[in-house]
Amino acid sequence: MPLPQSSFLKTLTERGFIHQCTDLAALDGALSAGPVAAYVGFDATADSLHTGHLLPIMALRWLQRSGHKPIVLIGGATTRIGDPSFRDSSRPLLDDERIAQNIAGLRKVFSRYLAFGDGPTDAIMVDNAGWLDPLRYLPFLRDFGTHFTVNRMLTFDSVRQRLDREQPLTLLEFNYMVLQAFDFLELSRRHDCVLQMGGSDQWGNIVNGVELGRRIDQRQLFGLTTPLLTASSGAKMGKTAGGAVWLNAERLSPYEFWQFWRNTEDDDVARFLRLFTELPLDEVWRLGELRGSEINEAKRILATEVTRLAHGDEAAEQAAQTAHHTFAEGGQAEGLPSVEVPHAELESGIPLANLLALAGLSSSRSEGRRLIRGGGARLNGEALTDENAVATVADLRDGAIMLTAGRKRHALVRAA
């Protein structure tokens, strides 16, 4: 198909966002005719999103930059069920208080990426509890259940894979795709929303919503998915050995977030610059052509630009300066993640394996010992070899000890 005419789809195509679309030509026509409202749904299963959510978030940002209206749908109601898509087991059920706390955390994320307000292209955030909570079960099944056949629902990969693995799929979870389809119908009625976007694992759920709008309201709705993103190594985006790469500073410091992107594999730099920054494409291509040691500059730019969107200009520049001071100048920059330990404990000596776990550089003391045995840990820049070694006050440099795991993960231990 030739390059779309609408600014939004043209941008998404050029930058590699589009995996599937229900009717790309018709959607392109609608987007070219005037402002369009589109939504992405997010369940409030945690108080932050992570980098695995960034593709649809960036799609919403480009939608707004192209003159259209983004809708962030928070699943205050569907969080109580949990999306079963491509999961081996049911999600833990959360109470209403925890869900409300999580929603407050998600608001912080979106406030960085979207401009909210009352204007025609201002973003809005809505909660599907507003229409799902008042539903009466039997009337709902009567009015909408007849438009879904169990035969077809069983063909969706998200359901079939759970059954093929002989993992239980509860009736509660089986309802999820019906409720998500109903969300799309409600948003089309309440906010004139005609497009749902999401990750490729949401394709079946999105198609259900498109079909429900056609069957009940005789309205053409559209679905668009972004690709499942993995690093060249095959690792899933959003996860590292240390856990999820969260978008909220309360969960992960801007410096650690910056470091995650600075550690991007060489083969992924150009792709990630296209997807996760707003740099012009000619600059992206230039940076993507760098090789050898020069590609490190492209990685620094990638890290700074992505951190700028997630945490703001000041935090991004501070993270970049911290990294430069630490690596280029050999200093112990103030912006590194840090933990405090009692001065008295350092006087008697603290096992280094314990400190690695305390500083978040290993998941446990035993992992810390394995890290030391494998030559992957350093104290103040010096390699560690003795898994039983201890840190003392003699190791303090300007009141802190710098620990390193691998080549690029650092933390400070300060005496309190």
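Visitor: Which residue of strand 6 stands opposite Gln-196?
Guide: Happy to start there! In this predicted model, local features need pLDDT of at least 70 and side-chain atom pairs count only at pLDDT 80 or more, while totals for chains, interfaces and linings use all residues. Residues are numbered from 1 along each chain as its sequence is written, and side-chain values use heavy atoms, without hydrogens and water. Across from Gln-196, in strand 6, you will find Gly-223.

Visitor: Over how many bridges do strand 5 and strand 6 pair?
Guide: Helices (H or I, at least four residues) and strands (E, at least two) are DSSP runs numbered from the N terminus, and two strands pair if DSSP finds at least two bridges between them. Strand 5 covers residues 193–199 and strand 6 residues 222–226. They pair in the parallel sense, and the number of bridges is five.

Visitor: Which strands stand at the edges of the six-stranded open sheet?
Guide: The order in this sheet is 1-6-5-2-3-4, with mixed pairing. Each edge strand has a single partner, so one side of each is left without a neighbour in the sheet. The two are strand 1 (20–21) and strand 4 (124–127).

Visitor: At what angle does helix 2 run to strand 6?
Guide: Axes are lines fitted to C-alpha atoms, for helices over the stretch in contact, and angles run from 0 to 180 degrees between N-to-C directions. Helix 2 (residues 24–33) lies across strand 1, strand 5 and strand 6. To strand 6, helix 2 runs at about 105°.

Visitor: What angle does the direction of helix 11 make with that of strand 6?
Guide: Helix 11 packs on the sheet too, touching strand 1, strand 5 and strand 6 (contact means heavy atoms within 4.5 Å). With the direction of strand 6, that of helix 11 makes about 170°.

Visitor: Is the crossing of helix 10 and helix 11 left-handed or right-handed?
Guide: The axes of helix 10 (residues 176–191) and helix 11 (residues 203–217) come within 8 Å and cross at roughly 55°. A crossing is left-handed if the near helix is turned anticlockwise from the far one by less than a right angle, and right-handed if clockwise. Helix 10 passes helix 11 in a crossing that is right-handed.

Visitor: How many nonpolar residues are in the contact of helix 10 with helix 11?
Guide: Among the contact residues are Phe-184 and Leu-185 of helix 10 and Val-210 and Leu-212 of helix 11. Ala, Val, Leu, Ile, Met, Phe, Trp, Tyr, Cys and Pro count as nonpolar, Asp, Glu, Lys and Arg as charged, and the others, Gly among them, as polar. The contact has five polar and two charged residues, and the nonpolar ones number ten.
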